[in-house]
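Please open the model in your viewer and follow the selections below in order.

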Amino acid sequence: MNAEEFRRSGHQLIDWIADYQNHVEQYPVMSQVSPGKIRAKLPAAPPSHGESFDAILRDVDEIIMPGITHWQSPNFFAFFPSNNSGPSILGELLSAGLGVQGMLWSTSPACTELETHVMDWLVDLMRLPPAFRSTSTGGGVIQESASSAAVCALVAARERATEGRTNRFGADGTLTAYISTQTHSSIEKAVRLVGLGSDNLRLIDVDERFAMRPERLAKAIRDDRAAGRRPCFVCATIGTTSSTAIDPVRRIGEICRAEGLWLHVDGAMGGTAALCPEFQPMFDGLELADSYCFNPHKWMFTNFDCDCFFVADRASLIRALTILPEYLRNKATESGAVIDYRDWQVSLGRRFRSLKLWFVLRCFGVEGLRERIRRHVALAGELAEWIRRDPRFELAAPVTFSLVCFRHRGGDEPTQRLLDALNGSGKIAVSHTRLDGKLTIRFSIGQTNTERRHVEAAWQLIRQFADA
Ligand SMILES: *Cc1c(COP(=O)(O)O)cnc(C)c1O
């Protein structure tokens, strides 16, 4: 592909994406293909000689599109959103176009400095603890995911608790970590990855709102100490995956401070709400956290992958992760005047991810972002009210952000039938969880372009299929 072909194909692809955005509501939201259907249409081997971009794009339409679930449909209400927007797509494209590798400040200074700056913007905008600012003791870094952020937080916690000995000698099996029964599975994965082991992870009970019971946490820590173990890490969540429950971060943080444990706060979905001043009280106690993350790739109109990870003391993180081989030595690093983000993450290499976040912040403007978040939260409140008033349904959890959890009062069987009918209709997509042991439908509002009419139509569909 020469420069002129690139220009032509690039324009063609942008047109294709713009048309897709215009027509996304016309597709069945959940892909209806059976396993193996897409692969069966693909040739056994790649072509020996280059093909035209037109031919490739034709196959995208014919082979790929039937296997797409339309996460960018405003009728997508499953899981949590993985939304995008015009500016984020363009930021991603520019990142690919520049193709820089930002492992060190010196390998592309703008890649590091824009990231640091945008992360500091977010601290101010969201009124996050001042220690998370790069100008203080901490700082922010963009990770690929909340899961990766959890791994980094846990390694830092582990090394702080063992004064760097685990990095040298390996884990000794005595460290313990604490989450609630509602915490995302990525934390258990991180516990395995960093060598603590699932058996050393304690699942703390939750209250009737699905929030961690801090007194149970305190007791579990005491019991472990009495048994000769070494508690080192707690993860609290602001907006759990099943029901967007909010753990009592302040009380948990006080326990962590008193006991010398690392507190990581996971705000993967809910975190974006802190853009709005009226939701900032939901983040009470965050200044007691050692680390915190949230995902613009969920609810901040910035396409996957983009997780914002903040630490209060960057030295703990860097000490745990840095190794300086000869081939990476450079004057800027040795001067101590720059950030080398390779020391803040699992991988060495890194893309210019802050471009898309910067584009989003600038194109939407803070008020534009807030307007959408508020709209989604208000729509969730309205839907919850309609559900409350219909005797066939019950709400399964408090509505904190933009997720509505509900079920059929008839129990799991009619709830399952409703779930299948909704997803089978192709008109909307929803997902499920279990709360209090009962099957629950999760209706998550957060796609960039979801408006009242989409939620209204979905509610009509729910009523129609309620007695399916
Ligand atoms: C979605 C989610 C995660 C995982 O997010 P990734 O960025 O995909 O790793 C972690 N925690 C919570 C609370 C989530 O909702």
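How many helices and strands are there in the protein? With the whole chain selected as a cartoon, 16 helices and 11 strands are there to be found; helices (H or I, at least four residues) and strands (E, at least two) are DSSP runs, numbered from the N terminus. The model is predicted, so to speak of local features pLDDT of at least 70 is needed, and side-chain atom pairs count only at pLDDT 80 or more, while totals for chains, interfaces and linings use all residues. Residues are numbered from 1 along each chain as its sequence is written, and side-chain values use heavy atoms, with hydrogens and water left out.

Keep the whole protein selected and display the C-alpha atoms. Along the principal axes, they fill a box of roughly 65 × 55 × 45 Å.

Next, show the molecular surface. The accessible surface amounts to about 21100 Å² (Shrake-Rupley method, 1.4 Å probe), and carbon and sulfur atoms contribute 53% of it. Of the 468 residues, 52% are buried, that is, under 20% relative accessible area (1.4 Å probe, protein chains only).

Now colour the domains, whose bounds come from an automatic or database domain assignment. Select 1-30 + 69-84 + 367-468 for domain 1, 35-67 for domain 2 and 100-351 for domain 3. The centres of domain 1 and domain 2, taken over C-alpha atoms, lie 29 Å apart. Where these two touch, 10 residues of domain 1 and 7 residues of domain 2 take part in the contact (heavy atoms within 4.5 Å).

Definitions and conventions:
Buried < 20%, exposed > 50% of the residue type's maximum accessible area, 1.4 Å probe, protein only.
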